[in-house]
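Student: I have a new model open on my screen and would like to learn how to read it. Could we go through it together?

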Amino acid sequence: MLRFMRVLALAAAMTGASTLAAQPMELSEGEVRRIDKEQGKMSIRHGPLANLDMPAMTMVFVVSDRAMLDQVKVGDKVRFQADKIGGQYTVTRIERAQ
Ligand SMILES: [Cu+2]
């Protein structure tokens, strides 16, 4: 019985770990269309965003860190992560696609 419980616990731990790993690290594809340094925003043409349940479109995001606005240029293909923070769609991570 004890051994059975251990196997169950291990299985639960492994399932939980793989679910966690699959979600937050996933980056979405996009292309920078506009950068507004005064407002701290950028417009991105993006593919489907699974975590926000959003289809592909071009839209404006705020950025969680204004330094991001200097890390990319208009026309750059990017990989990014976005989340809804305080009711605003926010880029929380962005990198230029290689
Ligand atoms: Cu969108």
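Student: Of the 98 residues of the chain, what percentage count as buried?

Tutor: Happy to help! This is a predicted model, and in it 17% of the 98 residues count as buried.

Student: How far should I trust the coordinates, and what is the mean pLDDT of the chain?

Tutor: As a general idea, where pLDDT is low, the predicted coordinates should not be read in detail. Here the mean pLDDT is 86, and 74% of the residues reach 70 or more. Take care with residues 17–22, where pLDDT stays under 50 and the model has 0 contacts beyond four places in sequence.

Student: How many helices and strands does the chain have?

Tutor: There are 2 helices and 5 strands. Followed along the sequence, they give the pattern α-β-β-β-α-β-β. You can also ask about contacts along the chain: of those between residues at least 6 apart in sequence, 41% join residues at least 24 apart.

Student: Now the strands. Which way do β4 and β5 run, parallel or antiparallel?

Tutor: β4 and β5 run antiparallel, joined by 8 bridges. They form a hairpin with 2 residues between them, and Gly86 in the turn has a positive phi of about 55°. Strand β5 also pairs with β3, this time in the parallel sense, over 2 bridges. Thr90 is a handy residue to click on: in β5, Thr90 stands opposite Asp83, and Val62 stands opposite Thr90 too.

Student: And which residues have the most contacts inside the largest nonpolar core?

Tutor: That core has 14 residues, and those with the most contacts inside it are Met42, Phe61, Val63, Phe80, Val91 and Ile94. The elements giving two or more residues to it are β2 (41–46), β3 (57–63), α2 (68–71), β4 (77–85) and β5 (88–96). Strand β4 gives the most, with 3 residues.

Student: What does Val91 touch, leaving out residues up to four places away in sequence?

Tutor: Val91 touches Met42, Phe61, Val63, Ser64, Met68, Phe80 and Ala82 on that count. For a strand, it helps to keep one general idea in mind: in a regular strand the side chains alternate between the two faces of the sheet.

Student: Let's try Lys77. Why does Lys77 count as partly exposed?

Tutor: The general idea is to count neighbours: a residue is buried with 20 or more other C-beta atoms within 10 Å, and exposed with 12 or fewer. Lys77 has 13 C-beta neighbours inside 10 Å, so it counts as partly exposed. Lys77 lies in strand β4 and touches Glu31 and Ala97, not counting residues up to four places away in sequence. Its C-alpha atom is separated by 9.4 Å from that of Arg45, 32 residues apart along the chain.

Student: Where is Leu27 found?

Tutor: Leu27 is in the loop between α1 (2–22) and β1 (28–36). It counts as partly exposed because it has 14 C-beta neighbours inside 10 Å. Beyond its neighbours within four places in sequence, Leu27 is in contact with Arg79, Phe80 and Gln81. Leu27 and Gln81 are 54 residues apart in sequence, with 5.2 Å from C-alpha to C-alpha.

Student: One last residue: what is the phi of Asp53?

Tutor: In general, most residues other than glycine have a negative phi. Phi of Asp53, however, is near 55°, a positive value in a residue other than glycine. Asp53 lies in the loop between β2 and β3, and it is exposed because 7 other C-beta atoms are within 10 Å.

Key
Residues are numbered from 1 along each chain as its sequence is written. This is a predicted model: local features need pLDDT of at least 70, side-chain atom pairs count only at pLDDT 80 or more; totals for chains, interfaces and linings use all residues. A nonpolar core is a set of buried Ala, Val, Leu, Ile, Met, Phe, Trp, Tyr and Cys residues joined through C-beta atoms within 7 Å. Helices (H or I, at least four residues) and strands (E, at least two) are DSSP runs, numbered from the N terminus. Two residues are in contact if their C-beta atoms, placed from the backbone, lie within 7 Å. pLDDT is the predictor's confidence in each residue, from 0 to 100. Two strands pair if DSSP finds at least two bridges between them.
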